Amino acid sequence: MDSMGQRAIRGVGLGFGISAAVLAVGCSESEVDILAFEQLTAVAATIAPEDRRCAFGGAIIQTGIDDNRNGTLDTEEVDDARVSCNNSLPTGASPLISSFVAGNAMPAAGETVSLTVTATDSSGGSALTYSWFDVTGQLLLTETGATLTVVIPTDAEPGDTLVYQVTVTDSAQVEQIRRMTLVVSEPTVRPVTAVTTEAHQIFLPDGLEAPVDQPTGDFDGVVFFAGTNSLPDAQKMRSPRDLGGFAAQRRNFGRGSNARSELDQLRNLVSAQPGFALTNISTAVTRACAVGRFALDLADAATPTALTRSLVELIGLNAEGGELTAFPASVPSEGESTAYEFRLSVCFYSPDDVVVLVSTVIDQVKQRYEAVTRGVTDGTNVGTAESSRAQAADEFVGSGSGGLADFLFVVDNSGSMGNEQAALSQAAADFISVITSSGLDFRIGTITTDRQTLRGVGYTADTTQFEQDAVAGTSGSGRESGIYWAERSLLSTALGDAEDGSSTLAGYPRTGASLSVVMLSDEPDQYSGYAGTSFDPSDNLFIDRSYPVYAIINEGSPGDYDDLALATGGSTASIADTSQFPAIMNAIATNAGGAASLFQLDETPISSTLIVTVDGAEVPEDVDNGWQYVAGSNSIVFRGTAVPGEGAAIVVRYQYIESGESGESMQ
């Protein structure tokens with residue numbers, strides 16, 4: 001047992017006598033006669049439900065002989081210490097600490113940082129005590145309140161680590177210990193707010209504010225809202241609060257078995273709520289996290305605060321049937337809406353260790369908050385409780401373009417697509433809108449779900465030609481398989497296949513170009529109808545050759561399309577809502593740019609800390625004329641007028657999780 005755990009046990013020990021017949025099992029009669037009854041002692045220490053040793057709480061029982069007869073066991077008198085865990089969460093039991101937040105996790109020398117802990121008495125009382133300890137300096141601090149103010153020494157050097165520990169004890173003498181790690185930074189980096197849960201550190205982008213009054217009850221994490229630095233005042237709505245969300249650690253309660261299935265389970269819980277309607281904009285899997293982006297329509301208007309509370313109670317609590325005993329209050333004149341963008345990310349490490357990241361922003365201003373909402377939900381901001389952070393500065397030289405990117409569109413031309421012809425035309429128009437400002441040297445080829453023949457003139461950079469090719473009509477076969485015919489089109493004898501497909505014969509993908517496959521259909525894929533065998537989404541040409549697949553499909557017809565998309569690092573989206581096509585196509589073009597990008601980073605950044613300069617001038621993070629970070633390829637993509645010229649000096653500065661990083665999940 002670690003030293004921190006030993007201190008916790010002795011601090012809350014409750015002595016009680018145990019029968020000699022019990023404690024002396026296996027002893028001879030003479031041995032029992034020698035032991036005086038009053039010398040037999042057991043000490044029990046209560047374990048809070050959030051202690052890592054016991055998922056549902058329990059006790060540590062120390063046994064030994066009280067040689068000095070002082071009524072307890074001193075350290076040298078302990079013969080044995082055993083953990084006895086509860087099999088389920090006791091009724092009414094709640095973790096003590098529900099939130100532990102540092103206002104800035106990477107402060108510069110001389111800066112002041114506030115560490116704030118929010119806790120609840122596990123027995124329903126209110127007698128909480130707080131003890132603070134400077135772990136780095138090995139110094140017990142005099143502060144006894146819920147907030148510790150830390151002043152970073154003026155002589156601290158960038159990279160220095162400062163660790164602080166808080167011990168919270170309640171009226172039942174249950175205690176819980178948390179640590180917070182601060183890393184001294186250069187004064188030019190973007191600040192991040194740090195949150196420590198039972199097993200993780202989670203970092204929130206600059207511009208989000210965590211209220212001092214955090215939730216209490218069955219919650220382990222932080223609730224946040226759009227802060228004063230989220231947007232320039234001129235871009236905000238008149239409402240003082242446009243955005244809300246939370247980051248929390250919880251268990252999976254026997255639902256999903258990996259990041260993707262847990263995301264599906266939580267999404268279904270939300271969509272099943274009366275008055276809630278979700279439309280999938282995109283779903284993807286990156287690292288240990290599954291990331292979903294949705295349009296959320298409410299039957300009745302709600303404020304961001306009220307909506308955030310509803311979502312915490314629905315998918316953010318860490319106890320089955322748990323509840324909140326307090327929640328941050330709304331602000332005066334807070335706006336409300338029936339239309340929100342809802343982002344949900346699930347990072348899965350074990351059935352007892354799931355991190356849920358949520359942002360909700362009023363739909364009217366979602367694009368203005370794009371950088372903030374992506375930064376809090378892309379999964380790059382989650383590390384272990386023991387992880388440390390560091391800074392990096394990667395340097396590049398501009399090439400004058402965004403790289404080579406080829407696209408193969410596979411369009412369903414069966415009779416069922418009669419109602420989707422307008423959607424296909426809209427998808428093509430929206431894709432053209434974003435690809436022409438991408439800075440990419442692109443070519444687009446189009447085939448259908450019943451043959452591999454390239455439509456029109458084949459691969460083309462002529463956007464008018466592509467718009468015509470994408471609307472393929474409804475006279476094709478009802479046995480549609482975008483996967484089979486895309487696979488056939490991409491066969492290559494040079495890569496070991498028995499023949500060359502239509503794309504390969506046309507010279508695509510070009511040497512040095514990325515290839516992305518976009519499939520549009522309103523019906524399940526019928527691969528076996530052509531191949532005679534079922535399709536394996538985890539073992540195929542697309543995975544072997546790093547061709548990401550994007551499936552724009554009918555969400556009511558899941559199957560190989562969505563499995564393949566997520567397995568290849570692509571994403572899925574709904575063909576039913578054309579209003580979301582601009583966001584879908586922007587994601588496809590951005591990811592393709594990332595795959596073709598010359599600006600791949602050396603480390604995986606906390607994405608919200610990125611600062612990009614070209615020839616010494618800072619470039620904004622902007623979907624049209626700026627840069628974007630692509631998690632799948634860990635790269636920077638430039639768009640529009642921000643594409644660096646040939647020979648330009650590019651510097652990308654960021655913070656990253658250096659060690660103790662959370663591992664991959666089963667996907």
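**Exercise 1. Which residue's side chain meets that of D264 in a salt bridge, and where do the two lie?**

Step 1. The side chains of D264 and R267 meet in a salt bridge, at 3.7 Å from N to O. A salt bridge here is a side-chain nitrogen of Lys or Arg within 4 Å of a carboxyl oxygen of Asp or Glu.

Step 2. Both residues lie in helix α4 (residues 259-271), three residues apart, about one turn of the helix. Helices (H or I, at least four residues) and strands (E, at least two) are DSSP runs, numbered from the N terminus.

Step 3. With 23% relative accessibility, D264 counts as partly exposed. The scale runs from buried (under 20% relative accessible area) to exposed (over 50%), with partly exposed in between, using a 1.4 Å probe and protein chains only.

Before going on, a word on the model: it is predicted, so local features need pLDDT of at least 70 and side-chain atom pairs count only at pLDDT 80 or more, while totals for chains, interfaces and linings use all residues. Residues are numbered from 1 along each chain as its sequence is written, and side-chain values use heavy atoms, with hydrogens and water left out.

**Exercise 2. Describe the salt bridge of R309, then that of D406.**

Step 1. R309 pairs with E313, and their closest N and O atoms are 3.2 Å apart. Helix α5 (residues 304-316) holds both of them, four residues apart, about one turn of the helix.

Step 2. R309 is partly exposed at 30% relative accessibility, and E313 is partly exposed at 39%.

Step 3. D406 meets R510 in a salt bridge of 2.8 Å, N to O. This pair links distant parts of the chain: D406 sits in strand β25 (residues 404-411), and R510 in the loop between α10 (502-505) and β27 (514-521), 104 residues apart. D406 and R510 are both buried.

Step 4. Some salt bridges share partners, and these join R190, R293, E341, R343, E370, R374 and E621 into one network. The full count is 21 salt bridges.

**Exercise 3. How many disulfides does the structure have, and which parts does the pair C289 and C347 tie together?**

Step 1. A search of the whole structure finds one disulfide, the term being used for a pair of cysteine sulfur atoms within 2.5 Å.

Step 2. The sulfur atoms of C289 and C347 are 2.0 Å apart.

Step 3. C289 lies in strand β19 (residues 289-302) and C347 in strand β21 (residues 337-350), so the disulfide ties together parts that are 58 residues apart in sequence.

Step 4. The torsion about the S-S bond is about 100 degrees, so this disulfide is right-handed. Both C289 and C347 are buried.

**Exercise 4. Which residues touch the most other members of the largest nonpolar core, and what does L344 contact?**

Step 1. A nonpolar core is a set of buried Ala, Val, Leu, Ile, Met, Phe, Trp, Tyr and Cys residues joined through side-chain atoms within 4.5 Å. The largest one has 54 residues, of which F246, F342 and L344 touch the most other members.

Step 2. Strand β22 (residues 353-362) gives the most to this core, with seven residues.

Step 3. Beyond its neighbours within four places in sequence, L344 is in contact (heavy atoms within 4.5 Å) with residues including L263, L266, A290, F294, I315 and V356.

Step 4. Apart from this core lies another, of 33 residues, among them A405, V411, F466 and A583.

**Exercise 5. Follow strand β28: how many of its residues are buried, and which way do they point?**

Step 1. Five of the five residues of β28 (residues 549-553) are buried, so the strand is largely enclosed by the rest of the structure.

Step 2. In a regular strand the side chains alternate between the two faces of the sheet. In β28, V549, A551 and I553 point one way, and Y550 and I552 the other way.

Step 3. β28 pairs with β27 in the parallel sense over five bridges; two strands pair if DSSP finds at least two bridges between them. Here S521 has I553 as its bridge partner.

Step 4. Four bridges join β28 to β29 (residues 571-574), again running parallel, and Y550 stands opposite S571.
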